[in-house]
Amino acid sequence: MTKVWTDAAEAGLLDRHAERGSTFAYLPGTAAARAVSVTMPVRLESWTVPFGLPPIFEMNLPEGVLRERLRLVFAKATGTFDEFDLLSVVGRSQVGRIRYTGDQEQLNEDVPFQSVDEILERKRGGDLFRYLLEKFASFSGISGVQPKILLRDENAFAEMEQTGHRLSQSYKGATHIVKLWEPNEYPQLAANEYFCLTVARKCGLDVPPYRLAEDGMALVIDRFDLRMDGTYRGFEDFCVLNARRTDEKYRGSYETSIMKRFGQFANSTHVSDDMEKLLTLIALNCALHNGDAHLKNFGIVYDDVQGEARLAPVYDLVTTSVYLPKDSLALTLNGTTQWPSAKDLRKFGETRTGATPAKVRSILERIHEAIQDTAREVRSYIKQHPEFEELGQRMLQEWEKGSATSLRS
Ligand SMILES: Nc1ncnc2c1ncn2[C@@H]1O[C@H](COP(=O)(O)OP(=O)(O)OP(=O)(O)O)[C@@H](O)[C@H]1O
Ligand SMILES: [Mg+2]
């Protein structure tokens, strides 16, 4: 049995159910504000699913490399390692405001310290990747296929003091995400993401602070769900909002599963601002040729599960077509996964956000300018990092094609 905590308070119990499912019940007297998800209000009746976990509990489970690594280390003698086992390993340190412990245990986050500067300056040398995965895998309640870890930066407390914000000294949780990659599979992935995030920032989207390691081997990103007092904001991805399992993250359309769904859950006075940002982000994915903008790569954040939800800051932007030349949209737009034309995007924007034609045009134009501006940065980075030349040039070509089709046609 697993105890589920929200905002560091006990909320309910989760257990295996029937052959392959699970069931969750709130503890008697749990306040409405302790609800685990905007999709699962506090109630007497339990929440049961026939397979796996309810989406909110599955949301942060590592996929890909990290999951395999944890399975190897923690699988029982019998060789079994299911989602409950995975939750029991990474449950104490998670993205968002939910934590998991054994039913008799208390919460204890206590993520080890690690200098982010050391990662950025590559002082540890070649074994950094393996060292970080070994040390931090079991603190990394974070989803995604690429290898990544959650860590607590030993300088975060002082650093933020300089900006006038001070993270509580008693804070024990993770402060940063470090994304690594398999060089043979996806060359220069960190630099690729670094420049895609730069385009997003220049488009006026909210992007958490991000830094690229000097040798391009890692991308370090500040957590956007962390408050200065050491507590967490709620975060839910669009798999959860659409009641989908992680393996269904490529199912759905930008119209319904993203835009309409956001409108249903935003519950906010800023909804039209956020819709405009969402339109910008979707159009940006098209122009950058990011074919991985699936349901888990969009999210909402909130301070109060019953209150306003805002569009989450931008994360996981990559020009995927440099690795998969035939790549196309992750979800459908206008009934197809082909890269949309500018006309398709204009119609999409006008009907889904209610923005005027002039407004939608100006959004597409702004993306185009941001891409051109960032392309100059890519060119100068290539000059200093010849190892990035081949991939960087291919990225620039993809951006040009994407802009021509989806922004300007
Ligand atoms: N800055 C951030 N703060 C908090 N949570 C984040 C942040 N960036 C990403 N996340 C969370 O971590 C998850 C994994 O990150 P990300 O999508 O970048 O990884 P990925 O391995 O590239 O994913 P994919 O499997 O889609 O390729 C996201 O789905 C989101 O839930
Ligand atoms: Mg992702």
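**Strands, helices and two lysines in a predicted model**

Strand β8, covering residues 176-179, pairs with strand β10, residues 219-222, in the antiparallel sense, and four bridges hold the pairing. The model is a predicted one, and what follows is read from it. Within the β8-β10 pairing, K179 sits opposite L219 of β10. Strand β10 also pairs with strand β9 (residues 210-212), again in the antiparallel sense, this time over three bridges. Here Y210 has I221 as its bridge partner in β10. β9 and β10 make up a hairpin, with six residues between the two strands. One residue of that turn, G216, has a positive phi of about 70°.

Closer to the start of the numbering there is an open sheet of five strands, laid out in the order β4-β3-β2-β1-β5, with antiparallel pairing. The edges belong to β4 (47-49) and β5 (98-102); each of them has a single partner strand, so one side of each lacks a neighbour in the sheet. On average, neighbouring strands in this sheet are turned by 25° against each other, direction ignored. As a general matter, strands of a sheet pair through backbone hydrogen bonds, either parallel or antiparallel. Inside the five-strand sheet, β2 (residues 9-17) and β3 (residues 21-26) run antiparallel and are joined by six bridges. As for the register of this pair, L13 is found opposite A25 in β3.

On the helical side, consider α9 (residues 254-266) and α10 (residues 271-287). Their axes come within 10 Å and cross at roughly 160°. With the limit for this class set at over 145 degrees, α9 is therefore roughly antiparallel to α10. The crossing of the two helices is right-handed. On the α9 side, the contact is made by Y254, I258, M259, F262, G263 and A266. From α10 come V271, D274, L278 and I282.

Which residues touch the most other members of the largest nonpolar core? They are A200, A283 and I367, in a core of 114 residues. For A200, with neighbours within four places in sequence left aside, the contacts are L205, V207, L284, V314 and L317.

Two lysines are worth a separate look. K202 belongs to helix α7, which spans residues 189-202. Is K202 buried, exposed or partly exposed? It has 18 C-beta neighbours inside 10 Å and so counts as partly exposed, since a residue needs 20 or more to be buried. K202 touches A370, D373 and T374, if residues up to four places away in sequence are not counted. Between K202 and D229, which are 27 residues apart along the chain, the C-alpha separation is 29 Å.

K296, by contrast, is placed in the loop between α10 and β12 (299-302). This lysine is buried, because 23 other C-beta atoms lie within 10 Å of its own. Apart from residues up to four places away in sequence, K296 touches S143, D237, C239, T246 and K249. K296 and E193 lie 103 residues apart in sequence, and their C-alpha atoms are 16 Å apart in space.

Definitions and conventions:
Residues are numbered from 1 along each chain as its sequence is written. Chains are lettered from A and ligands numbered from 1 in the order in which they are written. This is a predicted model: local features need pLDDT of at least 70, side-chain atom pairs count only at pLDDT 80 or more; totals for chains, interfaces and linings use all residues. Two strands pair if DSSP finds at least two bridges between them. A nonpolar core is a set of buried Ala, Val, Leu, Ile, Met, Phe, Trp, Tyr and Cys residues joined through C-beta atoms within 7 Å. A residue is buried if 20 or more other C-beta atoms lie within 10 Å of its own, exposed if 12 or fewer, and partly exposed in between; C-beta atoms are placed from the backbone. Two residues are in contact if their C-beta atoms, placed from the backbone, lie within 7 Å. Axes are lines fitted to C-alpha atoms, for helices over the stretch in contact, and angles run from 0 to 180 degrees between N-to-C directions. Angles under 35 degrees count as roughly parallel, over 145 as roughly antiparallel, 65 to 115 as roughly perpendicular and the rest as oblique. A crossing is left-handed if the near helix is turned anticlockwise from the far one by less than a right angle, and right-handed if clockwise.
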